[in-house]
Amino acid sequence: DISLLESETLAYAVSMRNKYSTEKIHIFIQGSYANNTCVRNESDVDIAVVRDDIYEYAFGERFSSSTTDNREAAAKLKDAVEKTLRKNFPYQVHRGNKSIKVDGNTYRKQADTVPCLSMHYYYRSHLKDYLTHFDGVIIYADDGTVIRNFPKQHIANGKAKNNKTEYYYKKMVRIMKKMRYLSDCGYSCADNVSSFGVESLTWNIPDSYFTKYSSYGFAFEEIVSYAYTHKADLPNFYEANGIKKLCPTQQDVNKYSAFIDRLHSFFEYDYSS
């Protein structure tokens with residue numbers, strides 16, 4: 001049966017079980033399409049294909065002390081997903097480093113399919129134990145890179161913030177994402193930040209800045225103003241999932257700081273008044 005991970009979202013999901021083995025697969029729509037924050041330049045639909053019967057356990061902010069390595073199982077899953085997609089969409093499937101793309105056409109959007117495994121991420125509570133965990137996913141890319149994400153938390157947090165900001169949050173995210181395409185005007189700094197990163201940057205803006213004005217233009221000005229005057233806080237900003245740091249390195253801080261500077265100067269706002 002097809003269900004929703006979160007109400008008021010487009011995060012449709014389906015669960016499947018192999019009747020000949022213990023394998024369990026959970027498929028759901030994630031990313032900007034699921035969060036209703038996509039813009040024209042983001043036409044593809046991100047689909048997570050998660051094997052739920054295999055878990056990796058990760059601990060601490062930098063995911064240290066992980067005791068499992070399921071590269072072989074992840075590779076088999078990706079091969080199986082690719083084989084199935086090629087069977088159903090001949091000559092339209094392209095295997096990438098992290099995902100498998102399926103071409104779109106006049107009646108179907110392009111799909112970006114991400115095979116991954118489940119992950120339990122344990123963090124220290126105020127009692128300094130590891131009794132609490134988040135459910136995430138782990139991607140073993142073809143080049144050996146290991147990526148840990150939290151798409152379900154991203155969807156839940158986006159819904160919660162949108163409700164708390166009287167539905168201005170996602171509207172402002174879409175505007176901010178369109179501003180990301182400043183590269184079309186010759187501002188290369190916009191190429192250095194991802195669509196998800198721009199959404200996460202906006203997620204860190206306090207709720208009150210979204211609802212101070214009813215005008216979208218004034219509300220967006222408040223958001224840009226906050227980002228510009230709080231660039232020093234970038235090392236403390238989190239991704240929209242609320243778990244991973246948005247800028248874990250100084251290089252990341254520099255990239256987002258440059259994007260904010262250019263965004264500020266592009267609109268020539270006067271924050272001193």
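This report walks through a predicted model of one protein chain, from its overall make-up to its helix packing, cores and a few individual residues.

**Overall picture**

The protein chain holds eight helices and nine strands. Of its 273 residues, 45% are buried. Among contacts with a separation of 6 or more, 55% join residues 24 or more positions apart.

**Two helices that cross**

A good place to start looking is the pair formed by helix α4 (residues 168-180) and helix α7 (residues 216-229). Their axes lie 11 Å apart and meet at an angle of about 75°. Angles of 65 to 115 degrees count as roughly perpendicular, so α4 is roughly perpendicular to α7. On the α4 side, the contact is made by Y168, K171, M172, I175, M176 and M179, while α7 brings Y216, A219, F220 and I223. By character, these contact residues divide into nine nonpolar, no polar and one charged.

**The cores**

The largest nonpolar core has 28 residues, and those touching the most other members are M172, M176, L201, F210, L234 and F259. Helices α4, α5 (195-203), α7 and α8 (250-267) are the elements that give two or more residues to this core. If you would like one residue to follow, try F210: beyond its neighbours within four places in sequence, F210 is in contact with K161, T165, Y168, Y169, M172, T202, I205, A219 and I223. Another core, of 15 residues, lies apart from the largest one and includes A73, L85, A111 and I138.

**Helix α3 and what follows**

Helix α3 (residues 151-164) has 14 residues, which at 1.5 Å a residue should span 20 Å; the end C-alpha atoms are 20 Å apart, so the two values agree. Within α3, the buried residues are P151, Q153, H154, I155, G158, K159, K161 and N162.

Now for some backbone angles. Most residues other than glycine have a negative phi. Three residues with positive values are worth a look here. E166, just after α3, takes a positive phi of about 55°. Y167, in the loop between α3 and α4, has a positive phi of about 70° although it is not a glycine. With a relative accessible area of 44%, Y167 is partly exposed. N36 sits elsewhere, in the loop between α1 (31-35) and β4, and its phi is near 60°, again positive in a residue other than glycine.

**Two more residues to inspect**

N70 belongs to the loop between β4 (45-59) and α2 (71-88). Leaving out residues up to four places away in sequence, N70 touches I54, Y55, E56, L117 and Y140. The last of these partners is 70 residues from N70 along the chain, yet the C-alpha atoms of N70 and Y140 are separated by 8.4 Å.

H133 is found in strand β8 (residues 132-140). Its C-alpha atom is 5.1 Å from that of Y121, twelve residues apart along the chain.

How accessible are N36, N70, H133 and Y167? The table puts the values side by side; the buried class applies under 20% relative accessible area, and partly exposed runs from there up to 50%.

| Residue | Relative accessible area | Class |
|---|---|---|
| N36 | 41% | partly exposed |
| N70 | 18% | buried |
| H133 | 33% | partly exposed |
| Y167 | 44% | partly exposed |

Terms used:
Residues numbered from 1 in each chain as written. Predicted model: local features only at pLDDT ≥ 70, side-chain atom pairs only at ≥ 80, totals over all residues. Heavy atoms only, no water. Axes fitted to C-alpha atoms, helices over the stretch in contact; angles between N-to-C directions. Helix = DSSP H or I, 4+ residues; strand = E, 2+ residues; numbered from the N terminus. Parallel < 35°, antiparallel > 145°, perpendicular 65-115°, else oblique. Contact = heavy atoms within 4.5 Å. Nonpolar A, V, L, I, M, F, W, Y, C, P; charged D, E, K, R; others polar. Expected span 1.5 Å × (residues − 1). Buried < 20%, exposed > 50% of the residue type's maximum accessible area, 1.4 Å probe, protein only. Core = buried A, V, L, I, M, F, W, Y, C linked by side-chain atoms within 4.5 Å.
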